[in-house]
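Visitor: I have a model open and want to learn how to read it. Can you take me through it feature by feature?

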Amino acid sequence: MLEARELRKEFGELRATDDVSVRFGKTEGERVFIVGPNGAGKTTLVNLLTGLLEPDRGEVVVHREQNGSTVERDITEMAPEKRVKAGLVRSFQIVHVFEEMTVRENVRTAALSRHEKTLSMRSRDDGHGDVERDVDDLLADFRLEGIEGEIAETLPHGDRKLLDVAMSFALDPEYLLLDEPTSGVATQEKEYVIETIVEASEAESVTTVTIEHDMDLVKEYADRLVVLHDGQVFREGDPDLLETDPDLRRVLLGVDE
Amino acid sequence: MSRFPLVEDRDGQTVVRIPLTRGLGLTPLQTVFAFLGLVGLFALPFLAGLVGLSWERLFRGILFGLAAVGLNLLLRHTELVSFGHAAFFGGGAYGVAVLAAHYNVSEGLLLLLGAVIVGTTLAVVIGYFVAGYVDIYFALLTLAFNQVLFATVFRSGFFNYNDGLQVRIGGDRPTLFFLEWTTLGYDLVLYYTTIVLMLVMLLAMWKLINSPFGRALDAIGQDRTRARFIGIPVEKYVWLSFTISGLYGAFAGGVYALLRLHVQPEPTLYVFVSGEILFMAILGGFTTLVGPLIGGIILVYLLEAARFWVEYYHALTGLVLLAIVFFMPKGIVGSLPDFNAWVAGRVREPGRLQEDVRSATAAVREGVDRATTTVRIIVFGVK
């Protein structure tokens with residue numbers, strides 16, 4: 001389980017997250033969606049959890065089952081790359097892939113990192129059988145086999161998004177934080193992108209934390225909902241809240257009733 | 001399985017490669033070039049005189065070019081522009097000079113080892129401080145460190161100020177392999193030792209840039225944030241590649257000192273030298289492994305020979321740089337594949353040559369038109 005404990009981050013006068021406490025992965029492979037209006041602190045929360053930002057106060061804690069008891073580990077000070085090795089992986093709202101590499105090279109680079117091979121200077125980058133097998137599987141899972149030789153920057157946006165996520169899965173995450181995986185994707189393709197991610201995360205029982213604006217997708221796929229508003233957790237619970245809670249509609253749609 | 005020619009499948013493309021080392025091979029055309037290059041390198045001391053070139057000058061070009069190969073590890077892969085690589089070249093050169101002049105070390109190979117240790121240590125120290133920076137900050141920091149070193153050496157009696165140090169032990173040149181040589185013998189033994197070591201270094205660099213580590217450096221260059229978030233310790237890897245990069249410069253500088261037998265700050269340590277090393281990589285083609293080496297040979301020759309041809313030889317090198325950036329951004333070696341394709345295309349359809357001439361004239365005419373319009377606007381204002 002991944003826990004944010006009273007995380008606070010201020011940018012000048014603005015308190016982007018105001019002592020946010022929330023837990024992800026209460027059950028194995030839980031799908032949590034973070035929703036909220038613009039400026040609610042969603043991305044800041046993900047940045048704090050993954051180490052892109054340092055909190056002004058509060059802690060990031062990982063709970064792990066060990067010999068029948070739960071062990072807490074404070075990772076607030078841990079460097080992002082170390083968090084990745086500890087199973088905490090993220091994607092960005094804007095696609096971050098290695099633009100001049102092919103699709104396969106992108107996934108391979110991530111897989112090499114996961115297999116602790118990146119310090120090898122004498123072997124060939126494509127000469128590791130175990131890595132190549134992982135890459136084959138991932139390309140198949142994300143239906144990228146047909147375009148594995150294409151340079152990343154030439155791909156259509158939807159494929160770039162999938163490549164980005166495929167690279168995250170190459171890191172064998174325990175927790176995967178996805179910042180708007182469907183942003184910029186054509187409406188009719190959004191379902192496909194989310195469906196592909198859900199399939200992959202279910203197969204590996206990865207806990208996913210997804211920032212999403214499309215409420216139809218949230219309703220369909222969320223196990224649990226975390227609503228942020230003005231840097232605080234406004235509601236937390238079943239996705240049915242979207243239908244039943246009038247305050248929630250007011251906050252999300254910005255309408256006064 | 002036959003060794004020649006080897007057909008291999010890489011990322012869905014079938015290519016013919018002549019294997020050179022485990023897992024790496026050259027295309028047939030590259031093999032021809034590599035063979036010619038090797039023959040050229042080994043015959044250089046004898047060939048150069050025949051065609052009226054100075055072998056010693058070419059040798060120096062090779063040394064600066066090797067430093068540029070090192071610099072190119074940063075430039076091409078981590079996409080960091082270092083303006084301070086003379087620090088390692090000069091560091092290596094002064095390593096040799098100080099050991100010879102102050103500590104009476106007389107064996108050339110030991111001096112060279114000293115050069116590599118001194119230059120690489122400098123790279124470790126400087127790299128530690130610059131690894132976290134990118135873009136202009138990285139460039140300026142490397143330049144600043146370079147300038148600090150230069151000013152220190154320039155002002156220090158230990159390094160004998162601007163006059164520099166002799167690489168002589170009691171008036172004698174160093175031994176090589178613990179033997180004393182005649183002037184020509186010394187230069188030849190030094191040259192062939194260097195060439196053999198350089199080939200090993202090129203092969204090592206080639207393996208490195210095709211290794212997982214090389215791919216990690218590419219990742220850092222293309223998207224630092226993403227590299228970090230796939231678990232690559234970015235600063236540590238930049239630091240390591242910076243050190244390796246400096247090692248190449250240190251070795252080259254050490255050989256330079258052994259060749260010249262006299263080390264001065266200006267030709268080895270000055271920031272202009274850093275700029276030249278950078279230019280060599282771009283001139284030869286920084287997207288290739290051996291491009292910087294070719295660039296080094298050409299630039300050193302150009303810089304020294306041009307002063308006999310034209311009055312404003314510094315302007316000439318500037319013009320060459322402009323021409324490269326405008327017309328050949330991939331550099332000389334980097335443009336070879338394009339040039340090849342162009343020649344092949346014209347051999348197939350000679351008619352298209354006319355088109356080329358026509359489009360070139362059109363481009364020139366358009367350029368002149370635009371220039372005259374601009375001048376007219378500057379002089380007479382907009383109508």
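Guide: We take the sheet, then the helices on it, then the chain contact. Keep in mind that this is a predicted model.

Visitor: In what order do the strands of the open sheet in chain A run?

Guide: Read a sheet by its neighbours, not by its numbering. In chain A, 6 strands line up as 6-7-8-3-9-10, with mixed pairing.

Visitor: Which are the edge strands?

Guide: Look for a strand that pairs on one side only. Here that holds for strand 6 (88–91) and strand 10 (232–237) of chain A. From one strand to the next, the twist averages 20°.

Visitor: In what sense do strand 6 and strand 7 of chain A pair?

Guide: Parallel, over 4 bridges; strand 7 covers residues 175–179. For one bridge, start at A:Leu88: its partner in strand 7 of chain A is A:Tyr175.

Visitor: Which strands does helix 5 of chain A touch?

Guide: Check contacts, then direction. Helix 5 (residues 157–170) of chain A packs on the sheet against strand 6 and strand 7. Its direction makes about 175° with that of strand 6 of chain A. Helix 9 (residues 246–253) of chain A lies across strand 3 (31–35), strand 9 (224–229) and strand 10. It runs at about 60° to strand 9 of chain A.

Visitor: How many residues does each chain bring to the contact?

Guide: Chain A gives 32 residues and chain B gives 27. On the chain A side, helix 2 (80–85) and helix 3 (103–114) are the elements giving two or more residues. Helix 3 of chain A has the largest share, 5 residues.

Visitor: How do the residues on that side of chain A divide?

Guide: Into 11 nonpolar, 9 polar and 12 charged.

Conventions: Residues numbered from 1 in each chain as written. Chains lettered and ligands numbered in written order. Predicted model: local features only at pLDDT ≥ 70, side-chain atom pairs only at ≥ 80, totals over all residues. Contact = placed C-beta atoms within 7 Å. Nonpolar A, V, L, I, M, F, W, Y, C, P; charged D, E, K, R; others polar. Pairing = 2+ DSSP bridges. Axes fitted to C-alpha atoms, helices over the stretch in contact; angles between N-to-C directions.
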